[in-house]
Amino acid sequence: MGEKIEVISTVTVDHTKDLYKIVDALNRSLKRDDLMFGLALDKEDQSKAVFTIYRT
């Protein structure tokens, strides 16, 4: 425990049905570089997605 996760960048983009595939590919290929990627629907506008890059 005690592992700190740092947010490097966050951007809001238009949501598309295949956007999660890009996030999955990034997570699989850059995990060894201590990077993690997240995707969530914008709470205020469901047509937008929030893409976040983390350093673990």
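This report walks through the salt bridges and strand pairings of a predicted model.

## Three salt bridges

Let's begin with the charged side chains. How many salt bridges does the structure hold? There are three, and each one is described below.

## A link between distant parts of the chain

Take aspartate 14 and lysine 48, whose side chains meet in a salt bridge with an N to O distance of 2.6 Å. Which strands do these two residues belong to? Aspartate 14 sits in strand S1 (residues 6-14), while lysine 48 belongs to strand S3 (residues 48-55). The two are 34 residues apart, and the pair links distant parts of the chain.

The strands themselves help you see how this pair comes together. S1 and S3 run antiparallel and are joined by eight bridges. Aspartate 14 has lysine 48 as its bridge partner in S3, and these two residues also share the salt bridge. Is lysine 48 buried or exposed? Lysine 48 is partly exposed, because its relative accessible area is 27%, which lies between the 20% limit for buried and the 50% limit for exposed.

## A salt bridge within the helix

Now look at helix H1, which covers residues 19-30. Here arginine 28 forms a salt bridge with aspartate 24, and their closest N and O atoms are 2.9 Å apart. How far apart are these residues in the helix? They are four residues apart, so about one helical turn separates them.

The two partners can also be described by their accessibility. Arginine 28 counts as exposed, because its relative accessibility is 65% and the cut-off for exposed is over 50%. Aspartate 24, at 35%, counts as partly exposed.

## The remaining salt bridge

Lysine 21 pairs with aspartate 18 in another salt bridge. In this case the closest N and O atoms are 3.5 Å apart. Both partners have a similar label: lysine 21 is partly exposed at 44% relative accessibility, and aspartate 18 is partly exposed with a relative accessible area of 36%.

## S3 and its other partner

Strand S3 pairs with S1, as you saw above, and strand S2 (residues 35-41) is joined to S3 too. Seven bridges connect S2 and S3, and these strands run antiparallel. Which residue in S3 is the bridge partner of leucine 39? That partner is phenylalanine 51.

What joins S2 to S3 along the chain? The connection is a hairpin through six residues. As you trace these strands, keep one general point in mind: side chains in a regular strand alternate between the two faces of the sheet.

Key: Residues numbered from 1 in each chain as written. Predicted model: local features only at pLDDT ≥ 70, side-chain atom pairs only at ≥ 80, totals over all residues. Heavy atoms only, no water. Salt bridge = Lys/Arg side-chain N within 4 Å of Asp/Glu carboxyl O. Buried < 20%, exposed > 50% of the residue type's maximum accessible area, 1.4 Å probe, protein only. Pairing = 2+ DSSP bridges.
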